[in-house]
Amino acid sequence: MKRSWEHPSVTIQDYEANEYVSSCWGVGCNINVADAYEQTHTNSAGVTWWTLGCNHTVDHCQNADNQVIYDDNNDGIADRMLEEGTDGLGTLACTIYSDADYTTVIDVSSVKVGDLIYWTTTDNRTRIWHHVGTVQATVPGHPNRS
C-alpha cells in the first residue's frame, strides 16, 4: 500500500459581507430652540404647536440616534431621512428645510455632515413638529445600519 504525504497548509478567508450595509448620519435636535419655535408659532387656526402637544424631549428629539440620514449606496450623498425614535408614533419621514422659518424645502441629497438643518415630522393628523440640529458623521453606537 502506497501512502502519500500532504503538506499541512492554512487557508485564510477574507470576510465578505453577504448583504449591503448603508452608512448613516445622525441629527440631534436642539430641543431648546425647537420648543421655543413651537411655543411662538401657530397653525392655520391660530393655535400654537406647543398647545397641540408638539414638544421636544432629550430622550427622543435630542438623541442623534433617533433622527437618521441614510446614504443607502455609500456614495457620500444622503438618500433619505427618518425619525425612528418617536414616542409611540412609529417611524416618521422628515421634510428638510434650509431656513428657520420652515418655508424652503430642500432635497435630502444636498445635506452634508456638519450642516445645520431644519426639518419637520408629522403625525399625519393635526400636529407638525419643527426641529433644528447639526448633522453628525455617525449615529452614536450605530456607525452603519442595514
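Are tyrosine 97 and tyrosine 102 buried or exposed? In this predicted model, both tyrosine 97 and tyrosine 102 are buried, and the legends below place these two residues among their surroundings.

**View 1. The largest nonpolar core and the residues that touch the most other members of it.** The largest nonpolar core holds 16 residues, and those touching the most other members are Val27, Ile69, Met81, Ile96, Ile117, Trp119 and Val135. At least two residues of this core come from each of strand S1 (22-27), helix H1 (31-40) and strand S7 (116-122). Another core lies apart from this one and has eight residues, among them Trp49, Tyr97, Tyr118 and Trp129. In soluble globular proteins, nonpolar side chains tend to be buried together.

**View 2. The surroundings of isoleucine 69.** When neighbours within four places in sequence are left aside, isoleucine 69 is in contact with Ser23, Cys24, Trp25 and Val27, and also with Ala78, Arg80, Met81, Val108, Val111, Ile117 and Val135. Of these contacts, Val27, Met81, Ile117 and Val135 are, like Ile69 itself, listed among the core residues that touch the most other members.

**View 3. Isoleucine 96 in strand S5.** Isoleucine 96 belongs to strand S5 and, with a relative accessibility of 3%, counts as buried. Beyond its neighbours within four places in sequence, isoleucine 96 is in contact with Met81, Thr104, Val105, Ile106, Val108, Val111, Ile117, Tyr118 and Trp119. For one of these residues, valine 108, which is twelve residues away from isoleucine 96 along the chain, the C-alpha atoms of the two are separated by 6.7 Å.

**View 4. The cluster of tyrosine rings.** Three aromatic pairs are counted in the model, and ring pairs link Tyr37, Tyr97, Tyr102 and Tyr118 into a cluster. A pair of aromatic rings is described by the distance of the centres and the angle of the planes. For tyrosine 37 and tyrosine 102, the ring centres are 4.9 Å apart and the planes stand at 65°, so this pair is edge-to-face. Because tyrosine 37 lies in helix H1 and tyrosine 102 in the loop between strand S5 (95-97) and strand S6 (105-106), the pair ties together parts that are 65 residues apart in sequence. Both tyrosine 37 and tyrosine 102 are buried. The rings of tyrosine 97 and tyrosine 102 have centres 5.6 Å apart and planes at 75°, so they too form an edge-to-face pair.

**View 5. Two residues other than glycine with a positive phi, tyrosine 102 and asparagine 74.** Tyrosine 102, which is not a glycine, has a positive phi of about 55°; this residue is found in the loop between S5 and S6, and its relative accessibility of 12% makes it count as buried. Asparagine 74, with a phi near 55°, lies in the loop between strand S2 (67-71) and strand S3 (80-83). At 44% relative accessibility, asparagine 74 counts as partly exposed.

**View 6. Strand S7 and its antiparallel partners, S5 and S8.** Strand S7 is mostly covered, with five of its seven residues buried. S5 and S7 run antiparallel and are joined by three bridges, and in this pairing tyrosine 97 stands opposite tyrosine 118 in S7. With strand S8 (residues 128-136), S7 pairs in the antiparallel sense over seven bridges, and threonine 121 stands opposite tryptophan 129 in S8. The hairpin of S7 and S8 has five residues between the strands, and in this hairpin asparagine 124 takes a positive phi near 60°.

**View 7. Arginine 80 between a ring and a carboxylate partner.** Arginine 80 lies over the face of tyrosine 70, at 4.1 Å from the ring centre, and its side chain also meets that of aspartate 72 in a salt bridge with an N to O distance of 3.0 Å. Both partners of this salt bridge are partly exposed, aspartate 72 with a relative accessible area of 27% and arginine 80 with one of 34%.

**View 8. The salt bridge of aspartate 123 and arginine 127.** The structure holds two salt bridges, and in this one the side chains of aspartate 123 and arginine 127 meet at 2.8 Å, N to O. Aspartate 123 and arginine 127 are both buried, whereas aspartate 72 and arginine 80 are partly exposed.

Technical notes:
Residues numbered from 1 in each chain as written. Predicted model: local features only at pLDDT ≥ 70, side-chain atom pairs only at ≥ 80, totals over all residues. Heavy atoms only, no water. Core = buried A, V, L, I, M, F, W, Y, C linked by side-chain atoms within 4.5 Å. Buried < 20%, exposed > 50% of the residue type's maximum accessible area, 1.4 Å probe, protein only. Helix = DSSP H or I, 4+ residues; strand = E, 2+ residues; numbered from the N terminus. Contact = heavy atoms within 4.5 Å. Phe/Tyr/Trp six-rings, centres within 6.5 Å; stacked < 30°, edge-to-face > 60°. Lys NZ or Arg CZ within 6 Å of the ring centre and 35° of its normal. Pairing = 2+ DSSP bridges. Salt bridge = Lys/Arg side-chain N within 4 Å of Asp/Glu carboxyl O.
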